[in-house]
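Reader: I'm a first-year student and I'm still learning to read these pictures. Could you pick one strand and take me through its surroundings?

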Amino acid sequence: MQSWRRRKSLWLALSASWLLLVLLGGFSLLRLALPPRPQPGASQGWPRWLDAELLQSFSQPRELPEDTASPPQAPHGGSCNWEACFDTSKCRGDGLKVFVYPAVGPISETHRRILASIEGSRFHTFSPAGACLLLLLSLDAQTGECSSMPLQWNRGRNHLVLRLYPAACPRTFQLGQAMVAEASPTVDSFRPGFDVALPFLPEAHPLRGGAPGQLRQHSPQPGVALLALEEERGGWRTADTGSSACPWDGRCEQDPGPGQTQHQETLPNATFCLISGHRPEAASRFLQALQVLAALQEMSPARVLALRQQTQFLWDAYFSSVEKVIHTTLEVIQDRIFGTSAHPSLLWNSPPGALLALSTFSTSPQDFPFYHLQQGSRPEGRFSALIWVAPPGQPPLKLIQAVAGSQHCAQILVLWSNERPLPSRWPETAVPLTVIDGHRKVSDRFYPYSTIRTDAILSLDARSSLSTSEVDFAFLVWQSFPERMVGFLTLSHFWDEAHGGWGYTAERTNEFSMVLTTAAFYHRYYHTLFTHSLPKALRTLADEAPTCVDVLMNFIVAAVTKLPPIKVPYGKQRQEAAPLAPGGPGPRSKPQAPAPDCINQLAAAFGHMPLLSSCLRLDPVLFKDPVSVQRKKYRSLEKP
Amino acid sequence: MCASVKYNIRGPALIPRMKTKHRIYYITLFSIVLLGLIATGMFQFWPHSIESSNDWNVEKRSVRDVPVVRLPADSPIPERGDLSCRMHTCFDVYRCGFNPKNKIKVYIYALKKYVDDFGVSVSNTISREYNELLMAISDSDYYTDDINRACLFVPSIDVLNQNTLRIKETAQALAQLSRWDRGSNHLLFNMLPGGPPDYNTALDVPRDRALLAGGGFSTWTYRQGYDVSIPVYSPLSAEVDLPEKGPGPRQYFLLSSQVGLHPEYREDLEALQVKHGESVLVLDKCTNLSEGVLSVRKRCHKHQVFDYPQVLQEATFCVVLRGARLGQAVLSDVLQAGCVPVVIADSYILPFSEVLDWKRASVVVPEEKMSDVYSILQSIPQRQIEEMQRQLFMEPARRENWSAANHQMNSLIWPREQRDSQIINDRIYPYAAISYEEWNDPPVVKWGSVSNPLFLPLIPPQSQGFTAIVLTYDRVESLFRVITEVSKVPSLSKLLVVWNNQNKNPPEDSLWPKIRVPLKVVRTAENKLSNRFFPYDEIETEAVLAIDDDIIMLTSDELQFGYEVWREFPDRLVGYPGRLHLWDHEMNKWKYESEWTNEVSMVLTGAAFYHKYFNYLYTYKMPGDIKNWVDAHMNCEDIAMNFLVANVTGKAVIKVTPRKKFKCPECTAIDGLSLDQTHMVERSECINKFASVFGTMPLKVVEHRADPVLYKDDFPEKLKSFPNIGSL
């Protein structure tokens, strides 16, 4: 009995334990018996460690407090970075001031003109002591002479050595702490964030202005070759689309495609150009190995479109002339000095580019007229009227009333610019009226007065005559085109074959390219550009020939926008009684064109003719339509 | 194993309660059970070491059980880091060609424990962070377990902190990796480089050509275009969830929260505090905290105690000052808190600076100008500060997106690895690279802003001309009249007839009007309105004139002038009759308006000039089901085009000349008023439908139209370029 019970309990225990075993181990045994297949899609990645939670952190809190060691030192004596080798303390105040070493002995024409271009720029100073950057032009390839160590060298501290062309002569002194700006620097010697890489410039590169980009179409033309390869002797071979059937091993036998070779001067008519640095012969192999063609074919039309336009923008903004290359170099260095008030990247990388969007004006893109779309912002809804009162100087009471009557007018500024004493009484207006006592100079009209508190400026001459609804409509139009000038009266330029130069006229024509600034809306940023970025010589020109100032303003805006101005209707025009034209005293029967020489001087100074013609006028939607005047919002525009 | 240990313990505990005479049986019994369990355990763990790739056992391994590798003292050491390395010299791109989706493939070496000849370990096997980092890689699209297909190799040897490893032996461990090959295509992660006393700014372990993703690079050690600079991980950022705080002024202007600062720097900061009072707060570690309070989570100023990192949210600017190392974990905390970092660390390469625009989200101040830092910051306009703050919010937002899949690791590490791989990916496939905007523009900016696809100011030459596209069904007579009229326009360069009738053949060649430009007929497969906007290969000009087969009233001058206007506005729709959308306050929805108003926001495409790129957009990039809606309703294709162009360019249409109507459906009085009204209702419905699909109302309202300069001026007609402009 005892043994039976003992045996029974033994069996019970045994079977229970085996049951347990089966439960615990059965599944594992089963899985062992059926070899597991890798599950489709399931990644057999990094193991999930059982003790992952127990792992130690890579840094223990007690490790963190650190002694401050001295700043990291350069590993080699010859190396430099911005903090170590540039003394920004010399650049306080005015930002970048550049002193250029004068050339010793006879110099080439190019050298002379580059010097002149820097001397005319806003960066230049004549005193080496007051300069924060000392510029050494190294143009050896041109004259064959080699520069010697300059006087204020000081181991090259705060120096920039500008090499526009490959150096022909041996380096006569150590560059030391000087920054080097040159084309195709080698990886070994280039110090990122310190040296500046320049584009390689052909010797015939224009000094100023420069040819505009050759892109005529936003999008590639159908049927044009996709890719052109640079060949050994400067020619181009175009490769077409069908030839990308190379296997990925870099060893395909076939020719890079039914190509044709074009020669030298003309750039190939292709969407992409493959440039392979020092080894053009490697290009075709490169093409095969990297399946460049396949990659380019895959690229979406939107991306191709963007790339094409960006190349043109970069060319126009920074590459097309020697002057632009030099100014870009200086602007890059100035941005390093400015630190927080440097150009935001948007200003560098979208039209009109950092040379034309001054960071001294603002570092906030919304303050400029160019970036409202990218920023998702809108131009302000108010404007400031700036009325210039030249001799004989009657307070323009009627004009003030008409302008102040506009619901968009925020303030009126009167620029008193004549010998007569300031009148003590001014009309009562709904908006604040400020009188500025000017310096009797025409360039005063475009000074960035701090009293101007709106983005939009309505620039007026005291003798202009405008109605409130003309002002209202023109301002609404300006809000749609805040980067352009919106004016009432126009001038147009033309090429004068007889005189072999530019001319312009105030005659009424089917096209126009300028608007008179005696009645025009534009962004206040153009006052900053006029005063702070124009070479001084041009501002002097405007002061000496006051009629030239309209042309000059139109040049500036056209050079920045690359677009024509906008004309809106002007009621008085038919009467031919409105002396809107600038210039000396006395009534005029109609706007008169100033001396044509002004336009040629400006075209020479800008390096090209920036003006563009427009054949349209923006009118109110129902302008002069045979519908009831009750429907029309701007009916007074149509009154004779 | 664990299970068996448990039984083992419970076994003896039970025994004293049993009668001694049964003892022998129970011992036998438990021995059998024990044996069985051991066997089970064996089965469970034994295959593991042989087939490590089996899914079901991968889950249950211990770090302590990884294979041990002994490194002989004389095993090879890699060269020191090659400073001249660049992608094209030290990286083998040929390894990266096997993947279809332009993603590089990353392989991770199996984890091993390395010991020297004496069995002393070379380093900690793996840290928590490195384990999580490798886990993140293996969960990402970049991961591959096939070493032959990999383009990038990540060793599992943990070098995050140089101080926890033996330099020479670690280097030897790297050199014996199966695909080491001088370190080409190998990626190492390091956050705390260097060691006392001089703290190198890059990992001291000799690594030859291996890429280094390092925290705290300086310009001296960073190989531009080769190495990747990463942030130093802060454990706090992972633990603490900070509430979102919008841009705007905060309690403190400038805050310093770092502990262990160099006394000289602390003096400078405290001098600032004395000078500027309340707006500057300089914190230090707390000296007399009660027990149990985590000292890393508290900061003190005099006797005031602040919670860290919460206090960072109270400041506009936060100082990130260099210590012995350039990279500081506090940068991560500051970013997370939405405080604009003021980085004072000369020659520091900021994290991901290759792609991230730190100018937009931080202020970098040279060390020598530290005493001026307050005035430098004061000179920054409020608007710019708010832009920076907005920019910072992008960081956490992106972090959330990327880490949603990985709950354990919502720290910086996950996106960091994504970014590293993405940056290297961009270098290998530059043409498929993410653009600057995609890296840097926060979604908030994207919402209101527009990046116009035709952004270059360019007036196309007149010589190019335009292609007229006439959509027709069967009105042959009217079609021929349109063709004859349009062919009189000087700048016409080609005429394309889209024959939308599948049941009827177009007239024979001989019947077509003889015109001076090429005329092509395209037959369509289906009678769809969207055929009018298809980007046909036959369109060789950029300018397209869409014209209905019954628009015969437009004069040649009017069409030529329209083309000239398009040249001045090549990114806009330039059309004749204008239409307007209005908000109906009673119905609370949009309404279509064809009355003669002072405003326009659309032009009819019965005759309109536009850039051919918009045909591509209409056909391939139209959002939602708009295209199908248009084809199903046989209406509103013009409204859809107006929406599309306005949405992508952010600009208004240009209405040209007085025209108010064509012989258009809404103006014909064939079926009288009722048809007119249903038409208007349908058009209004379209506007509401499209606005909801676009998620916004992109149309822009303007009050101007374009006329020739001398239009209706008192001027001799014969001297005008476009004298024959029709009316209404």
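Author: Let's start with a pair of neighbours: in this predicted model, strand β15 (residues 466–472) of chain B is joined to strand β16 (residues 492–499) of chain B by seven bridges, and the two run parallel. Strands here are DSSP runs (E, at least two residues), helices are runs of H or I with at least four residues, and both are numbered from the N terminus. Two strands count as paired if DSSP finds at least two bridges between them. One such match puts B:T472 with its bridge partner B:W499 in β16(B). To get from β15(B) to β16(B), the chain passes through helix α15 (residues 476–486) of chain B, and this β-α-β crossover is right-handed. That means that, with the strands pointing away from you, the path from the first strand over the helix to the second runs clockwise.

β15(B) also pairs with strand β18 (residues 543–548) of chain B, again in the parallel sense, over six bridges. There, B:A468 stands opposite B:L545.

Now the side chains. In a regular strand they alternate between the two faces of the sheet. In β15(B), B:F466, B:A468, B:V470 and B:T472 point one way, while B:T467, B:I469 and B:L471 point the other way, and all are buried. Buried means under 20% relative accessible area, with exposed over 50% and partly exposed in between (1.4 Å probe, protein chains only).

Some housekeeping: residues are numbered from 1 along each chain as its sequence is written, and chains are lettered from A in the order in which they are written. Local features need pLDDT of at least 70, and side-chain values use heavy atoms, leaving out hydrogens and water.

How values were computed
Predicted model: local features only at pLDDT ≥ 70, side-chain atom pairs only at ≥ 80, totals over all residues.
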